[in-house]
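Here are some notes to help you find your way around this structure. Keep the 3D view open and take the points one at a time.

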Amino acid sequence: MNRLWLLVLCIPFSELAAQHAGPQTNIKTGVEKHPPERFMNGQIKHLGDFIDRFNEVVKAGTEGQAALRSLFNEDDLRFPAHGRMAQPYARQVDAFIEWAMTGKTLIPKRGVMRAVVGIKVSYEEVVDTLKVHLRKDYTSDSAAYWHITKVDNLLRIRDEVKKNRAKEASVQPSGLPPNASEVSFLPLLRGLDDYRSLAPFTPCLACRDTAWQKVESALQDGKLTIENVVSNRIYLTAGCWEMELSEFIREKENSGWLISDLFEKNNPVK
């Protein structure tokens with residue numbers, strides 16, 4: 001009997017020893033981690049990121065010329081390339097880079113910022129794009145708001161043939177790229193939808209011209225409904241220059257928010 005009890009007691013310990021015996025084997029899950037692609041590292045995903053990069057490059061002085069040039073859209077057809085002559089814009093970019101490196105003028109965090117956005121709207125069940133000009137204003141407690149300064153005339157609020165308008169509407173984009181969440185202007189869109197009016201977002205009374213009144217009337221009548229932002233251009237000021245920023249979504253480092261155009265304040269051409 002004693003031998004039988006000893007045999008029973010030894011069985012669990014022998015199984016435990018067997019479980020820990022031999023080398024451990026790694027279980028492969030099939031999921032492998034890869035380093036981020038180069039274009040993901042270089043992509044300028046946010047406007048704040050663009051401002052930080054610009055200021056850091058300018059602070060670096062002449063050593064940062066190549067980095068500053070990389071903030072421009074390198075695929076712009078106005079730049080020289082194989083079989084293509086340099087346009088006046090390319091010389092303007094060169095002058096801007098030399099000025100920025102020499103003067104070390106930074107983009108202020110709370111500086112002048114404008115935007116021109118295309119808002120997808122529906123007018124009497126026909127899709128169209130309303131172009132709205134905005135300015136970013138700041139309050140004493142550092143809150144920021146986008147205010148309407150101008151509304152371009154919505155040409156299709158006229159007696160046009162609806163089938164032609166519907167055909168044009170079929171090529172309209174459906175929305176902004178995924179990175180553009182910070183400039184999708186959701187508070188503005190919600191406010192326009194709630195108030196059915198441009199007035200709460202247009203404190204400038206002089207800005208309420210004929211085109212503004214036409215859109216305002218269509219909103220209040222319920223004929224014009226707001227959907228979403230489908231295009232945007234952001235304008236930043238540095239010294240006597242204004243930069244137009246556009247978002248480029250592509251698989252290379254020169255992507256995200258980049259300078260798509262450049263203007264001198266004393267020679268505005270838009």
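1. A word on terms comes first: helices and strands here are DSSP runs, with at least four residues for a helix and at least two for a strand, and they are numbered from the N terminus. With that in hand, you can place N73: this residue sits in the loop between α4 (65-69) and α5 (88-103). Please bear in mind throughout that you are looking at a predicted model.

2. Now for the overall layout. The chain holds 8 helices and 6 strands. Reading from the N terminus, the order of elements is α-α-α-α-α-β-β-β-α-α-α-β-β-β. Of the 270 residues in the chain, 37% are buried. The exposed surface of the chain comes to about 16,800 Å², and 55% of it is supplied by carbon and sulfur atoms.

3. How do distant parts of the sequence meet? Taking contacts between residues at least 6 apart in sequence, 61% join residues at least 24 apart. One pair to look at is Y123 and K223: they are 100 residues apart in sequence, while their C-alpha atoms are 5.5 Å apart in space. Y123 belongs to strand β1. Its relative accessible area is 11%, so Y123 counts as buried, the limit being under 20%.

4. Let us return to N73. Is this loop residue buried or exposed? N73 is buried, because its relative accessible area of 8% falls under 20%. Beyond its neighbours within four places in sequence, N73 is in contact with F79, F248, R250, N254, L258 and I259.

5. H133 makes a good companion to N73. You will find H133 in strand β2. With a relative accessible area of 16%, H133 is buried too. Setting aside residues up to four places away in sequence, H133 touches A115, V116, H147, I148, T149, K150 and D152.

6. The largest pocket is worth a visit. It encloses about 230 Å³ of space. Which residues line the largest pocket? They are A144, Y145, W146, H147, E182, F185, L186, P187, L188, P200 and F201. Both β3 (144-151) and α7 (186-195) supply at least two residues of this lining, and β3 gives the most, with 4 residues. By class, the lining of the largest pocket has 9 nonpolar residues, 1 polar and 1 charged. H147 has appeared already, since H147 is a lining residue here and is also among the residues that H133 touches.

7. The second largest pocket has a volume of about 160 Å³. Its lining is made of V116, V117, G118, T129, K131, S231, N232 and R233. Three strands, β1 (113-123), β2 (126-138) and β4 (224-238), each supply at least two of these residues. How does the lining of the second largest pocket divide by class? There are 2 nonpolar, 4 polar and 2 charged residues. V116 lines this pocket and is one of the residues in contact with H133.

8. There is also an enclosed space to find. The count gives 1 cavity of 30 Å³ or more. The largest cavity holds about 40 Å³ of space. Around it you can pick out I51, I107, P108, K109, G111, V112, M113, L236 and T237. The lining of the largest cavity divides into 6 nonpolar, 2 polar and 1 charged.

9. Last, the cysteines. A disulfide is a covalent bond between the sulfur atoms of two cysteines. How many disulfides does the model have? The count is 1 disulfide, and it joins C204 to C207, with 2.5 Å from S to S. The link of C204 and C207 is right-handed, with 85° about the S-S bond. C204 is partly exposed, its relative accessible area being 29%, whereas C207 is buried at 12%. Another cysteine to check is C240, which is partly exposed, with a relative accessible area of 36%.

Note on methods
Residues numbered from 1 in each chain as written. Predicted model: local features only at pLDDT ≥ 70, side-chain atom pairs only at ≥ 80, totals over all residues. Heavy atoms only, no water. 1 Å grid on protein atoms, 1.4 Å probe; cavity = no way out; pocket = protein on both sides within 12 Å on 5 of 7 lines; lining within 4 Å. Points joined across faces, edges and corners; volume = space filled by probe spheres on them. Nonpolar A, V, L, I, M, F, W, Y, C, P; charged D, E, K, R; others polar. Disulfide = S-S within 2.5 Å. Buried < 20%, exposed > 50% of the residue type's maximum accessible area, 1.4 Å probe, protein only. Contact = heavy atoms within 4.5 Å. Areas by Shrake-Rupley, 256 points an atom, 1.4 Å probe, with all protein chains shown as cover.
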